[in-house]
Each structure stands twice: as structure tokens, then as C-alpha cells.
Amino acid sequence: MPARDGRTVQQQDGLYWEVAPWLPGAAAIERPPAAARVQTAFAALASVHRRLSSLSQRGASPGLRLAIRELETLAGGGLDLMAAALERAQADPHAVLGQSWIFLARATIPRLLPSLRDAARLDVGLQPCLRDARPEHFLFEADRLSGLIDFGAMGIEAVAADLARLIGEWFSDDHSLRALALDAYQQVRPLDGSEAALIAALESAGDLLIAGHWLRWHHLDHRHFDAGAVERGVARGLHRLERLAERIRPSGFAI
């Protein structure tokens, strides 16, 4: 909403602030989602990307390069730090889940890193993207999209990162919904070959890292969350890593 000077963003005390209207609707949290909602959400995401495409440049995906560094850090001793922290926190309800994730991550990281490094060399379009395209940020009234919220993580990235995040968080097990989503997206904004290939790499990296993020935030960074949030996050991440480990090809990408 614009201020009296016409600007929608105000700077105060070293931060930028905005005021936005409260949007109607409820977050898209059902899993699996209805096909109509999937089509609507991905077409809307494509519209956002298309509107911001005038600010595009070329290069490698910053998010994938960051994920590779995270995986290298885990393989180089980070998993040992997490394992030690979990040994000291056996009473935590997610401790056993966390230990299972560490065991599986040790075996999976070396198999996945070579293909991620190949994908990180892809030259793709980079532009402003949401970088946190989760189903909870798409509001619906019935099957009508009534709002898209939470732009706090926006940054320069490949559009494949938003697609991989939304698919991975919402319905990655369902191949028919995946095809429906990408078709709806490409009717608004077509993907080139490099962008399509990058989706698989980014989704695989997310499958591996999500539980590790929750474990690091809680045990190493000592961040506080609502009751049960860490256990749910680790359980969801372990499930995604188990799927990845079952489906991973020798070359590295999930099928």
C-alpha cells in the first residue's frame, strides 16, 4: 500500500518496511492438493516470474551452489557435529529421527554431489524469485487463488528454484500432479532445457538438506520453535531423503 509520498517501501532504522492488506483465503496445506489448485498456483507463479523477467541476467544458480557448499560442509565434519549434539539430547522426541537422517545422509551425499556440481555449471536465466515458494504462501478461496504472501526471502535466483521448492514441499511423490504443474506453468512462461534440468538438481538437494537444516537450527544455532515444529521438520526431511535414496540413479539425480 502506498504512503503519502507514493512509495510502497519505507526505510527506517536500517530496515525497509511495507504495509500490505490482509488477504482473504486459507493457506494451501492439504496434501495431496486438488489438481485445480495445483494448476492455479503454478500458473500464478509463472505470472510472477514473467512480470519480473525484465530484470534477468545469465549465470549459475546461486541456490544450488550454496546447497553444494552445505553438503560439502556436512560431509567434511558437519554430520559429526550433529551426531554429537544428538547424543547429548537423547530425550528430545526427534533424536532417533535425526540419527536416522545422519546415517542415510552419510551414504547419500557422496553419490549426489557429482551430479549437483554438473548442474551448478548450467548457464540459466537469473532474476528476482520468491526463494520460499511454499504451499502455505498460496491462499485459496475454494479453488480460486486469493493471495500470494511472504516475499521476505526474495532474491536473484533461477526460476527452477521456486519450482523445485513448491513441488518438493507440496506433492513430489505424485508424478501426475508434477506433470500437471509444469504444464500449467509453461503455458504462461515456457522453460528452456537448462531450467528444466535444474529443477531435478535443486529438488534433490532440498530432499537431502531439509532435515539437516532443522537439526542445525535447533541443536547448533539454538533457535527456538513452537512445540513439535522441529520433530515435524526432521520427520518430513527424513521421509524426503528416504525417497531420494531409494530412487537415486548412479548418475545422481532422482527419477
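Trainee: Let me start with one residue: is Arg131 buried, partly exposed or exposed?

Mentor: Look at relative accessibility. Anything under 20% is called buried and anything over 50% exposed, with partly exposed in between. Arg131 has 42% relative accessibility, so it counts as partly exposed. Keep in mind that this is a predicted model.

Trainee: Where does Arg131 sit, and what is its phi?

Mentor: Arg131 belongs to the loop that links strand 5 (124-129) with strand 6. Its phi is near 65°, a positive value in a residue other than glycine.

Trainee: Which other residue should I look at for a positive phi?

Mentor: Try Ala142, where phi is near 55°, again in a residue other than glycine. You'll find Ala142 in the loop between strand 6 and strand 7. With a relative accessible area of 60%, Ala142 is over the 50% cut-off and therefore exposed.

Trainee: What do strand 6 and strand 7 form around that turn?

Mentor: They make a hairpin, with 2 residues between the strands. Strand 6 covers residues 138-141, and its antiparallel pairing with strand 7 runs over 4 bridges. Two pairs to pick out on screen: Glu141 has Arg144 as its bridge partner in strand 7, and Phe140 has Leu145.

Trainee: Now the sheet. How should I read its strand order?

Mentor: The general idea comes first: strands of a sheet pair through backbone hydrogen bonds, either parallel or antiparallel. Here you have an open sheet of 3 strands in the order 3-6-7, and the pairing is antiparallel.

Trainee: Which strands are at the edges?

Mentor: Strand 3 (26-27) and strand 7 (144-148), each of which pairs on one side only.

Trainee: How many bridges join strand 3 to strand 6?

Mentor: There are 2, and the two strands run antiparallel. To find the spot, go to Ala27, which stands opposite Leu139 in strand 6.

Trainee: What lies across this part of the sheet?

Mentor: Helix 1, residues 35-51, lies across strand 6 and strand 7. To read the crossing, compare the N-to-C directions of the two axes. Against strand 6, helix 1 runs at about 130°.

Trainee: And between strand 3 and helix 1, which peptide bond is cis?

Mentor: Check omega along the backbone. The bond joining Arg31 and Pro32 is cis, with omega at about 0°. Pro32 is placed in the loop between strand 3 and helix 1.

Technical notes:
Residues numbered from 1 in each chain as written. Predicted model: local features only at pLDDT ≥ 70, side-chain atom pairs only at ≥ 80, totals over all residues. Heavy atoms only, no water. Pairing = 2+ DSSP bridges. Contact = heavy atoms within 4.5 Å. Axes fitted to C-alpha atoms, helices over the stretch in contact; angles between N-to-C directions. Buried < 20%, exposed > 50% of the residue type's maximum accessible area, 1.4 Å probe, protein only.
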